[in-house]
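Subject: Structure handover

Hello,

Here is the structure for you to look through. My notes on what was found follow below it.

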Amino acid sequence: IKPYIDRIANGETSSILLAYRIIQFLLRCFSGSDEGKSLYLYFIKPEMETPSGLKASFFTTFYFKTESFKNGLAKFLTSPIDTILCLDNKQSMFCQLLTGLLQRDEVVRFGSTFASVLARTIKFLEDYWRELCSNIRTGYLSDWIIDPGCKNAMSLILTRPNRELADSIQQICEDKSWEGIIVKLWPKIKYIHCIITGSMSQYVSLLEFYGGGIPFVSPIYNSSESSFGINLKPVSKPFDVSYTFLPNTAYFEFLPVGKDGEGKAQETWTDDEPVDLANVKLGRYYKVVVTTLAGLYRYTVGDVLKVTGFYNKSPQFQFVERRNVVLSIDVDKTTEEDLSKEIMKAKLILEPLGIMLTTYSSYAYTSLTPGRYVLFWELKMKGSNDLPKLDAKIMEQCCCMVEESFDFTYKSHRKGGAISALELRVVKHGTFDELMDFYVSKGVSVAQYKPPSCLKSEEAVKILNSGMVGKFFSPKTMF
Ligand code: AMP
């Protein structure tokens, strides 16, 4: 039909091809992306059983076990379904990466549910590439892969020694700098497909670095309670992504959230009534309230969203911050969004020195009075995984930069002595992976893991402390 399409594009009437008038052509963002395979890293968690015998599981676990996944998306993945359904995340990750490497010339998409999973995948690759290469070279699967589903699936793919492939992967991974490693290993990749907005935006620079500039597609905003919206401009930059609400997935209302003088999305406890989907106002902040067919009645989701436009009458929102995340001492409240903006500014000090901030978290230290905010930063050199030399002056400068960008309430508390100087603890590469392992061991699903911007558990703080390689403070007299 191409000749007809060309003729219509050049001015002939669309009735030469169709009964309806053509009003618009839709272009594909990435040519060739509908061919080839997806290296999507997906994981499940064991299902639980209630006393009455009903199953209880994470939404992603439920979905990956459905027939529609098996007969739909799964057909385009490099990972055999049994490697995804393996309950041991480590064996699953190893096998999924191995099959991805074995089919490296067919992979056109790299992705997962959330960006945090991809960050973890890259760390896993750093730790295991030698073993993966050796499996490919010998044609034998490592003997610690004992899951029957994985073993069986791998026996159909890892069928012979492939020295040539192992050599080329080894050569790429031996390079001291892993900049662009994703595109080097999978040269046909067109885009990275994962949620990279909100708390996931902390992984943008890490994935840009390893991805070598491949664009991101942050496709969807949804939750276990309901699907909310989709990204109609898939190639927009991570910080420009808006999600268009799908008016038919639930009944949506929106609770207005006030803004203070500095433009923060802080809650103001107004008595405002929720408004309907079509009545939200451009530029304003809201919390979503859902009423679902499954039975939730006016349930406040709690994520804060900002209206950025409309598609027909359906509002488009930028994701501002995740539900219930507040770092707080006394009456000062620092939201996830504020923290992320402040840290983004401070990390610019490190970038010219070739130092990368790969991930961060924070907590409010209140065992001593006055309390203080503590930031945890995982740092590494751009070209390698070496720990950067930490210059105390520069690190203090970072502390100052973060504190300076805090709001009026913080500054006045700091000045009056109700909050003491900000502390920055630098942890070594891999420490945040241990944090993720900890949460996963407590029952969180890898596929739905969100890195905590703010820690509330002492055990979690202990884990990050155990990887600490330096601590720094803002000058006491800064304000
Ligand atoms: P869950 O409770 O595991 O189903 O996760 C749902 C939550 O994940 C949402 O309420 C958001 O906080 C977060 N989330 C989901 N999609 C996005 C997105 N596109 N951008 C940022 N955060 C998201």
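**The largest cavity**

The lining of the largest cavity splits by class into 11 nonpolar, 5 polar and 5 charged residues. Please keep in mind that this is a predicted model. The volume of the largest cavity is about 220 Å³. Its lining has 21 residues. Nearest the centre lie Ala119, Arg120, Tyr203, Thr359 and Asp433.

Which elements build this lining? Four of them each give at least two residues: helix H6 (115–138), helix H10 (204–211), strand E17 (355–365) and helix H14 (431–441). H6 has the largest share, with 6 residues. Two domains also contribute at least three residues each to the lining of the largest cavity. They are domain 1 (36–218) and domain 3 (326–473).

**The second largest cavity**

The search of the whole structure turned up 3 cavities of 30 Å³ or more. The second largest cavity holds about 40 Å³ of space. Its lining consists of Leu97, Phe110, Thr121, Ile122, Leu125, Ile181, Ile182 and Trp186. By class, that gives 7 nonpolar residues, 1 polar residue and no charged ones.

H6 appears again here. Both H6 and helix H9 (181–185) supply at least two residues of this lining. H6 gives the most, with 3 residues.

**The second largest pocket**

Now to an open site. The second largest pocket has a volume of about 400 Å³. It is lined by 20 residues. Closest to its centre are Phe239, Phe319, Val320, Glu337 and Lys341.

Strand E14 (314–321) and helix H11 (336–350) each provide at least two lining residues. H11 has the largest share, at 5 residues. By class, the lining of this pocket has 9 nonpolar, 7 polar and 4 charged residues.

**The sheet that holds E14**

Where does E14 sit in its sheet? The sheet is open, has 8 strands and runs in the order E7-E8-E9-E14-E13-E12-E10-E11. The pairing is antiparallel. Strand E7 (220–222) and strand E11 (275–276) stand at the edges. Each has a single partner strand, so one side of each has no neighbour in the sheet.

E14 pairs with strand E9 (residues 243–245) in the antiparallel sense, over 2 bridges. For a spot to look at, Thr244 stands opposite Gln316 in E14.

**Salt bridges**

The count of salt bridges is 19. Three of them are worth opening in your viewer.

Start with Arg298 and Glu253. Their closest N and O atoms are 2.6 Å apart. Arg298 lies in the loop between strand E12 (285–291) and strand E13 (299–311), while Glu253 belongs to strand E10 (residues 251–257), so this salt bridge ties together parts that are 45 residues apart in sequence. Is each partner buried or exposed? Arg298 is partly exposed, with a relative accessible area of 39%. Glu253 is buried, at 6%.

Next comes Glu423. Its side chain meets that of Arg425 in a salt bridge, at 2.6 Å from N to O. Both Glu423 and Arg425 are buried.

Glu423 also forms a salt bridge with Lys471, where the closest N and O atoms are 3.8 Å apart. This pair links distant parts of the chain. Glu423 is in strand E19 (residues 423–427) and Lys471 is in strand E20 (residues 468–473), 48 residues apart. The relative accessible area of Glu423 is 0%, so Glu423 counts as buried, under the 20% cut-off. Lys471 is partly exposed, at 44% relative accessibility.

What joins these residues into one network? Salt bridges that share partners do so, and the members are Arg372, Glu423, Arg425 and Lys471.

**Where to look first**

For a quick tour, begin at the largest cavity, around Ala119 and Arg120. Then follow H6 to the second largest cavity, where Ile122 and Leu125 are among the lining residues. Move on to the second largest pocket, around Phe319 and Lys341. Finish at the network that includes Glu423 and Lys471.

Best wishes

Technical notes: Residues are numbered from 1 along each chain as its sequence is written. This is a predicted model: local features need pLDDT of at least 70, side-chain atom pairs count only at pLDDT 80 or more; totals for chains, interfaces and linings use all residues. Side-chain values use heavy atoms; hydrogens and water are left out. On a 1 Å grid over the protein atoms alone, a cavity is a set of points where a 1.4 Å probe fits but cannot get out, and a pocket is an open set with protein on both sides within 12 Å along at least five of seven lines; lining residues have an atom within 4 Å of a point. Grid points are joined across faces, edges and corners, and a volume is the space filled by probe spheres set on the points. Helices (H or I, at least four residues) and strands (E, at least two) are DSSP runs, numbered from the N terminus. Ala, Val, Leu, Ile, Met, Phe, Trp, Tyr, Cys and Pro count as nonpolar, Asp, Glu, Lys and Arg as charged, and the others, Gly among them, as polar. Domain bounds come from an automatic or database domain assignment. A salt bridge is a side-chain nitrogen of Lys or Arg within 4 Å of a carboxyl oxygen of Asp or Glu. Buried means under 20% relative accessible area, exposed over 50%, partly exposed in between (1.4 Å probe, protein chains only). Two strands pair if DSSP finds at least two bridges between them.
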